[in-house]
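User: Could you walk me through how the helix packing and the empty spaces in this one get their labels? I'd like the reasoning, not just the labels.

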Amino acid sequence: MSIGVFAGRSGLTPSALRFYADSALLVPAEVDPVSGYRLYRPDQLPRADMLRQLREIGMPLASVRAALDAGPAEAARMIDQHIAKVLGDAAAAQRQAVRLTAALTDTPGIPIAALKGPVLADAVDQVSSATAREPSMPVLDSIHIEAGPHAITLTATDRYRLSTRSLVPGERTAATWSATVDAGDLRAAANEMRRCATVHVEASAHGIRLRVAERDDLHCRLVTEPFPDYRAMLADLPEPTTRVTVAKNLLLRALEESAGEQVSLSVTDGVPEFLTGDEQSLGSLDATATGADVRITFQLTTFYPAISTAIGPDVMLDLRGWDLPVTVRSADRGDLTTTAMPIDPDHTT
């Protein structure tokens, strides 16, 4: 087929095909010695399609050549390696941009609090389980930070979960303050904070500055979109009608080994039982219950993270009914709670 026809079927322009021919990445099946017309075979289309897609993800020519000539497994590994590098470079550029912005608008920061680095890093990880990346709603991938008279509170929500953790600072240096911070920036900073005994949190016009000894300052951007009024939502929740306490690790292991995308919790005559979507029991999980009979169903993707981030060997579930949020409490640390939304028992999607 002619270069024009092949271009139309492969999604590559004729000029791109000439470039790749001259680069020996996609050589025509035949070149007319008189006219110079380039002709291609239909069986060259898969290579052309692969070449186009590799270039669309920004893979350099040398890597494209190697991937085209490699077997499927090796090509897949090379693609993963390339994407990891792209994401790493983008994250590094983003962090550098935050530092540059902070330097260009450098003004004295407002001291907020001093916190133990590993404790703050763990709190960021814990509440991050309730974040979600959604370009149209950046606030869902953010963490709301509030400094009150006695504690620093971190809160995140993805509309299906709401997680909050309160920390007692080693020293308080500011009045009441709050801001919503990019969760990605905080997660990246957590890797550094974990290795620092003390982190001093300062507020600025464009974000927060995390000062640590003998290291460069860490900067996190603010999110301008208003954070949801989670306190009003929590205040409107009725008192729990049923409480279930269960061994965290036993429940997590059972959830990991269960089949299906849903999990149900049934309490009958004071006996709790966890069930898979096809009504198979998850077995004895060292659980106890008090209160009214109830049955409540969750998507595994909502329930598992709420349990996995709890602190301590046991979790307490405050149940209010099949259609109301469940509060997942760390039995040993009441300052970490996650509120998770159940689904309709007849939910099938």
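**Helix pairs and empty spaces**

Analyst: Helix α9 passes α10 in a left-handed crossing. Bear in mind that this is a predicted model.

User: Why are α9 and α10 called roughly antiparallel to each other?

Analyst: Helix α9 (residues 248-257) and helix α10 (residues 300-308) pack at an angle of about 150°. Angles over 145 degrees count as roughly antiparallel, and α9 and α10 are therefore roughly antiparallel to each other. Their axes are 10 Å apart.

User: What makes the contact of α9 with α10, and how do its residues divide by class?

Analyst: From α9 you get K248, L251, L252, L255 and E256, and from α10 there are L300, F303, Y304, I307 and S308. By class, seven are nonpolar, one is polar and two are charged. Tyr counts as nonpolar in this scheme, in case you wondered about Y304.

User: How do you know how α6 runs relative to α7?

Analyst: Again, look at the angle. The axes of helix α6 (residues 117-128) and helix α7 (residues 183-193) cross at roughly 150° and come within 8 Å. The cut-off is over 145 degrees, so α6 is roughly antiparallel to α7. The crossing of α6 past α7 is left-handed.

User: Which residues of α6 and α7 meet?

Analyst: On the α6 side they are G117, P118, L120, A121, V124, D125 and S128, and these meet L186, R187, A190 and M193 in α7. The contact of α6 with α7 has seven nonpolar, two polar and two charged residues. Gly is put with the polar class, which is where G117 goes.

User: Why is α1 called oblique to α3?

Analyst: Helix α1 (residues 3-10) and helix α3 (residues 45-56) pack at an angle of about 60°, with their axes 10 Å apart. Roughly parallel needs an angle under 35 degrees and roughly perpendicular needs 65 to 115, with the rest oblique. About 60° fits neither range, so α1 is oblique to α3. Here the crossing of α1 past α3 is right-handed.

User: What makes the contact there, between α1 and α3?

Analyst: F6, R9 and S10 of α1, together with L45, A48 and R52 of α3. Those residues divide into three nonpolar, one polar and two charged.

User: On to the empty spaces. How many cavities of 30 Å³ or more does the structure hold?

Analyst: One. The largest cavity has a volume of about 80 Å³, and a space is called a cavity because a 1.4 Å probe fits there but cannot get out.

User: What lines the largest cavity, and which element gives the most?

Analyst: The lining is I112, A113, L115, L120, I145, I152, L154, L186, V201, I208 and L210. Elements giving two or more residues are β3 (110-116), β5 (152-157) and β10 (207-212), and β3 gives the most, with three. Ala, Val, Leu and Ile count as nonpolar, so the class tally is 11 nonpolar, no polar and no charged residues.

User: And how much space lies in the second largest pocket?

Analyst: About 200 Å³. It has 15 lining residues, and the closest to its centre are T157, R159, R161, L162 and M233. Elements that give two or more residues to this lining are β6 (161-167) and α8 (230-235).

User: How does the lining of the second largest pocket divide by class?

Analyst: Into 10 nonpolar, two polar and three charged residues. Arg counts as charged, and R159 and R161 are among the residues closest to the pocket's centre.

How values were computed
Residues are numbered from 1 along each chain as its sequence is written. This is a predicted model: local features need pLDDT of at least 70, side-chain atom pairs count only at pLDDT 80 or more; totals for chains, interfaces and linings use all residues. Side-chain values use heavy atoms; hydrogens and water are left out. On a 1 Å grid over the protein atoms alone, a cavity is a set of points where a 1.4 Å probe fits but cannot get out, and a pocket is an open set with protein on both sides within 12 Å along at least five of seven lines; lining residues have an atom within 4 Å of a point. Grid points are joined across faces, edges and corners, and a volume is the space filled by probe spheres set on the points. Helices (H or I, at least four residues) and strands (E, at least two) are DSSP runs, numbered from the N terminus. Axes are lines fitted to C-alpha atoms, for helices over the stretch in contact, and angles run from 0 to 180 degrees between N-to-C directions. A crossing is left-handed if the near helix is turned anticlockwise from the far one by less than a right angle, and right-handed if clockwise. Contact means heavy atoms within 4.5 Å.
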